Structure formats: C-alpha cells, structure tokens
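Please open the structure in a viewer and keep the selection tool at hand. The tour below proceeds stop by stop, giving at each one what to select and what is found there.

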Amino acid sequence: MKLLYLGTAAAEGIPALFCECEACQKARALSAKGVHTRSGAMLDGTFKIDFGPDSYKQMLDNGLSYAYVHSVLVTHSHEDHLDVDELQLRRGTFAQITTTEKLMTVYGNERVGEKVRRHECEYFRFQLLRPFETVQIEGYGVTPLEAVHCISKDSGLYPVIHEGTQYFRSEEAFIYLIEKDGKRLLYGHDTAKLTQKNFDFLKGKRLDLVSLDCTNGFLETKWVGHMGAKDNLLMKERLIVNGSADEKTIFVANHFSHNGYPGQKELEALMPGFLIAYDGMEVEF
Ligand SMILES: [Zn+2]
Ligand SMILES: [Zn+2]
Ligand SMILES: [Zn+2]
C-alpha cells in the first residue's frame, strides 16, 4: 500500500486562517514548504480518506483527479475532515464523468450520514459503518475502531472508556484498520490515546504503518480527544507490547496544530522513531 498524506493539520491549518503566532508566521515565511493543510489522505491513488475543505488545493498540488475516486472513508463529521459542499460538486453539470463509474460511496458514522444523505444522488451515496465490524471495500478489509474524540463527560449518545473513565461522544468517531494483501494500516485521526478495546482488537495483528494524531505536539494535553508527542511515543510502546507492532512498523505523527507544532526538525528530535508528516509525504509499506 502507498499512503499519500494530502493534508496534515488540524481544523485551522498551519498557518491558521486568522493567526499571528510564531509558528504561523514561520509557516508563512517558509511559503509552500511550511504549509500544513487540513487533514486528508489518499491510499494507492484512488482510495480517499476524509474529504476536507482543502481537497481542491490538494488535488492541484498532487496532480490528482477525484473523478477516479469511488470510495471515501470518513473518520468523523468535523468540518476539517468532511466538507460536503465540496463533495457535492461531483454531481450534475459540476462534473462531467465520462470514462469511469459515476458513483462514489462515502463511508462513515451516522452523523456523517446525516450530512451526506442530504445530497445523495446518482453520483454519490452514503454507506453506514459500525465499530469493530469489518467490511470489504474495493479489495481492502476496513474495520472502524473507536476514536476517543467528540467527547464530553456528561452528554452524548456514544460511550467510550478513556483511561479508566467513562466519557460520552456526540458522534461515533472512528479510526480505521485497513488491510490488504497481508499489509495493515492503522489510520488514527482524530483520537486521544487508543482505548483498551482497540488494543484488544489489535492484539497479535501486526501493523505495518501506524499513523497517530499529534494535534497537541510538544504541549502537555491541551485538547481532549487528541494526542501529543508523548502520547504517540507511549502508544508505540504499548502497541509493541500488544504484539501489534515491531521494529519494522513505520510510525507517523500527523494532524498538527500551530499551538503545539515547533517545526518539522524540532518535532523529529522530540519523537525519535517517528516520521513527522507533511503535505505531500508518501509512505510505501
Ligand atoms: Zn481533525
Ligand atoms: Zn498560529
Ligand atoms: Zn475532529
């Protein structure tokens, strides 16, 4: 499999839309090299993960055509991961799709479904996924695992146990285990530390690439529902103990915020053994 990181930032991007902080000024000065657009990835050229507001720029930057994308796997409904206004430009006169299958299927949780179903037509449709139930999509085995994201302590339909405490989620956010030809990818955005239930499911399943949420960067936890550098290092240790990773497993930190992002080299120094994602980075495994 080949995973192409199209966008590697959290909701506000780096530089952030309205921000004057040091990290954003540095990113602006570096021009294209310092830019991290909103989160999204492409697997093997046509299998899309998330469809955020920077999908158009990412198409241009990477020489892609989304006409050939027939499956979009959505992690959760946050606007940096799912921009339905952009997605619906696949229909009608906005796009002339003549040489390939018109229909695109968008996979995700119920909240994603609410957003996508409003625009359903012959060009795209929604398919609901359930946690820990594997489905086959274009030759990939896809299993949604539970994300610790969209959480609060007292309200929400979807409970999750995070570090021994019960939380509730406003939607059933997913991270994904994706398997093909004996290779395994864990796409872990957005989430806080992996839950015990996830570790149990992954027990003995050796992962080839693990991509982890690093929104908090060098900061001690600032946003709940995300991880930082220290959490990522801890997850690596625990996945190895769990029999889900070894010295050959590739670990990637991704989904950064300007608040905790010190720069590529600086984060590399803080996170030995991790690749630090940047827009346009491709990892083959
Ligand atoms: Zn996000
Ligand atoms: Zn900033
Ligand atoms: Zn999110």
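## A guided tour of the model

Begin with helix α2, residues 55-62: D61 and K57 both lie in this helix, 4 residues apart, which is about one turn. The model is a predicted one. Display the side chains of the two residues, and a salt bridge appears between D61 and K57, with 2.4 Å between the closest N and O atoms. K57 counts as partly exposed because its relative accessibility is 37%. This contact belongs to a set of 11 salt bridges in the structure.

**Second stop: helix α4.** Select residues 110-117 next. R111 and E114 are 3 residues apart in helix α4, so about one helical turn separates them. A salt bridge links R111 with E114, the closest N and O atoms being 3.5 Å apart. Both ends are partly exposed: R111 has a relative accessibility of 33%, and E114 one of 44%.

**Third stop: a salt bridge between distant parts of the chain.** Select K193 and E163. The closest N and O atoms of their salt bridge are 2.6 Å apart. The pair links distant parts of the chain, 30 residues apart: K193 lies in the loop between β13 and α5, and E163 in the loop between β10 (158-162) and β11 (165-169). Add D231 to the selection, since salt bridges with shared partners join E163, K193 and D231 into one network. Is E163 buried or exposed? With a relative accessible area of 57%, E163 is exposed.

**Fourth stop: the sheet beside this loop.** Select β9, β10 and β11. These strands form an open sheet of 3 strands in the order β9-β11-β10, with antiparallel pairing. β9 and β10 are its edge strands, each pairing on one side only. Between β10 and β11, which run antiparallel, there are 5 bridges. To see one position in this pairing, pick P159, which stands opposite F168 in β11.

**Fifth stop: strand β8 and its partners.** Select residues 140-146. Of the 7 residues of β8, 7 are buried, and the strand is thus described as mostly covered. Rotate the view to inspect both faces: Y140, V142, P144 and E146 lie on one side, G141, T143 and L145 on the other, and all are buried.

Now add strand β7, residues 135-137, which pairs with β8 in the antiparallel sense over 3 bridges. I137 stands opposite Y140 of β8. The two strands, β7 and β8, form a hairpin with 2 residues between them, and E138 in the turn has a positive phi of about 50 degrees.

Add strand β12, residues 174-180, as well. β8 and β12 pair in the antiparallel sense over 6 bridges. E146 of β8 has F174 in β12 as its bridge partner.

**Sixth stop: the zinc ion (ligand 3).** Which protein residues are donors of this ion? They are H76 (NE2), H78 (ND1), H149 (NE2) and D190 (OD), lying 2.1 to 2.5 Å from the zinc ion. Along the chain, these donors follow the spacing H-x1-H-x70-H-x40-D. The angles subtended by the 4 donor atoms run from 91 to 170 degrees, which makes the arrangement irregular.

Keep H149 and D190 selected. H149 lies in the loop between β8 (140-146) and β9 (151-152), and D190 in the loop between β13 (183-188) and α5 (196-202), so the pair ties together parts that are 41 residues apart in sequence. Both H149 and D190 are buried. Display the zinc ion (ligand 1) too: D190 bridges this ion and the zinc ion (ligand 3), and the two ions are 3.5 Å apart.

**Last stop: the zinc ion (ligand 2).** Select C19 (SG), C21 (SG), C24 (SG) and H258 (ND1), which coordinate the zinc ion (ligand 2) at 2.0 to 2.3 Å. Their spacing along the chain is C-x1-C-x2-C-x233-H. Why is the arrangement around the zinc ion (ligand 2) tetrahedral? The 4 donor atoms subtend angles of 104 to 118 degrees, and four donors count as tetrahedral if all angles lie between 85 and 135 degrees. Among these donors, C19 is buried with a relative accessible area of 17%, and C24 is buried with one of 0%.

Conventions:
Residues numbered from 1 in each chain as written. Chains lettered and ligands numbered in written order. Predicted model: local features only at pLDDT ≥ 70, side-chain atom pairs only at ≥ 80, totals over all residues. Heavy atoms only, no water. Donors = N, O, S within 2.8 Å, 3.2 Å for Na, K, Ca; no water. Tetrahedral: all angles 85-135°; square planar, octahedral: opposite > 155°, others 65-115°. Buried < 20%, exposed > 50% of the residue type's maximum accessible area, 1.4 Å probe, protein only. Pairing = 2+ DSSP bridges. Salt bridge = Lys/Arg side-chain N within 4 Å of Asp/Glu carboxyl O.
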